[in-house]
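User: Please give a close, connected account of one helix in this model, with attention to what it packs against and what space it borders.

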Amino acid sequence: MSDRTGGRSAFVVGAGILISRLVGLLRNTAFAYYFGAGAASDAYNAAFKIPNAVRNLLGEGTLSASFVPVYSRMLERGDHAGARALANALLGVLLAAVSLLTLLGILTAPWLTAVLAPGFDEATSELTTRLTRILFPMTGVMVLSGWCLGIQNSHRRFFWSYASAALWSVAQIALLLVGGPRADSAATLAAWLAWATLAGALLQVGAQLPEVLRLAGPIRPRITRGVEGLSQTLRNVVPVVTALGVVQISSFIDLQIASFLPEGATTNMSYANTLALLPVSLFGVSVAAASLPEFSRDSGALALDALRERLRGGWQRILFYIVPSAVVFIVLGDYCVGILYRAGRFGADEQRVVHWVLAASAVGMVSFSSVKLLASAYYALQDYRTPLRASIASILVSAVASVAIAVPLRHSPTATAGIALGSALGSYVNLSVLVHGLHRRLGTLYTPAMWQGTRRILVASIIAAVAGTLARLVHMRWVPEWHPRIVGIPVLAVFGATYLVAAWWMGSAEASRWLRVRPRTGVRTDVAD
């Protein structure tokens, strides 16, 4: 697959993720309207995080890293029957494992709450336990969704595998709109929302299954050891789950710290993460997801040059979008927060605090996005230990930095930003370990042309930030009382348009495609950009 085809695949993945994320943002807007940032919303977000960790350990990320490379190579050599047998055998193992973990999660919910959110008061802890028991069955459903996604991506059916996640949010939006005005308390609404979250997971899988049945045939989960590729897939699972487990530990440490901070800290962290993960998912995850099947096909000794070039092109494409996204969240992030959340119980104070957290998260967006792509290259090369070591180093730095920054500020509403900043600093340790390892395996990743493209992206982002700040000053001078939804969109549009024009003026081919104009003649452009 050529780099241009890789770009199209990434675009299809990005389109699917965009739909699901936009609907997810609408879901968060409705959530903010009815909950604001308080004890009930903290309880829901904490309860969701606990079963969601199991989903992350056994779901999309693990299967993409361990199953897709093996399954894709079987398809490449024409062994469709073997690939189908592998898919069914793996599904049997997954369902058995997740059923046991779900039962344990429901039984141990009070202890999990006590360990992971020790700073909650008694009423919030009881609500968290109740919600955890409702949400835990979602893990099994979402692991099945991850299995479906692995099959869809291996067959290069990228769009619906990601767009179907919108149904998960649709179920919650419907509940909030119908139940929000009728609930007698925030705790009651939180319980109703937990049931809607479980129902949404069932809708998502139901939407994926028809395409999976067409691609892989009837679903017959079975537990058998004699299927080709199963032992290799399971061997791959162990280091991937361990690496993801390290990431989940980092997430749980963040939750533990947040439970001791002022009420609403856990919720504010969730609001900011939703925004920060939008560009990471659209541009980091989409490029990584589209690249992994092709990395796997390029991982032979004679194809390492192709893998290296594909990696360079994907990385430069990620930076073109992620760098300005990080800059806009830092400089103009209060508008982004206000446009999405400012209504109902979410007021100006909440907007200010969430912007602080968002700006801190934005510091790590380049590393968060890049790690997704670089880790995919390791998985294609059947190297699972290096990403594990990188994750362990990252969590150590992240935990120490989060505590060192957030604890001294624990009585301040902005303390949550310290947790986000600690995670951002740790992510750069992860990135440096992965880059160093790939440099030894593949040679120099960052060519002079890529450095030139990166400088162009940075300069264009700075110019756009200046233009956006000038537009902000006009707003503050003439219409300071207007709602962020009215003035924020034009200010952000100024930033985006300025960035594209500045990047095009300096020779960016990617910017010229967005502006639908020819690249400037006489200005050097690189293939990756």
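Analyst: The account below follows helix 13 from its packing partner to the pocket that it helps to line. The model is predicted, so local features need pLDDT of at least 70 and side-chain atom pairs pLDDT 80 or more, while totals for chains, interfaces and linings use all residues. Residues are numbered from 1 along each chain as its sequence is written, and side-chain values use heavy atoms, with hydrogens and water left out.

Helix 13 spans residues 304-341; helices are DSSP runs (H or I, at least four residues) numbered from the N terminus. Helix 13 packs against helix 17, residues 415-442, at an angle of about 150°, with the axes 11 Å apart. Because angles over 145 degrees count as roughly antiparallel, helix 13 is roughly antiparallel to helix 17. Contact (heavy atoms within 4.5 Å) involves L304, L307, R308, L311 and W315 of helix 13 and L431, V435, L438 and L442 of helix 17. These residues divide into eight nonpolar, no polar and one charged.

Helix 13 also supplies six residues, the largest share, to the lining of the second largest pocket. A pocket here is an open set of points on a 1 Å grid where a 1.4 Å probe fits, with protein on both sides within 12 Å along at least five of seven lines; lining residues have an atom within 4 Å of a point. Its volume is about 230 Å³, taken as the space filled by probe spheres set on the points. Of the 14 lining residues, L319, V323, V366, T454 and L458 are the closest to the centre. Helix 15 (365-380) and helix 18 (448-478) each supply at least two lining residues as well. The lining has 12 nonpolar, two polar and no charged residues, where Ala, Val, Leu, Ile, Met, Phe, Trp, Tyr, Cys and Pro count as nonpolar, Asp, Glu, Lys and Arg as charged, and the others, Gly among them, as polar.

Terms used: Axes are lines fitted to C-alpha atoms, for helices over the stretch in contact, and angles run from 0 to 180 degrees between N-to-C directions. Angles under 35 degrees count as roughly parallel, over 145 as roughly antiparallel, 65 to 115 as roughly perpendicular and the rest as oblique.
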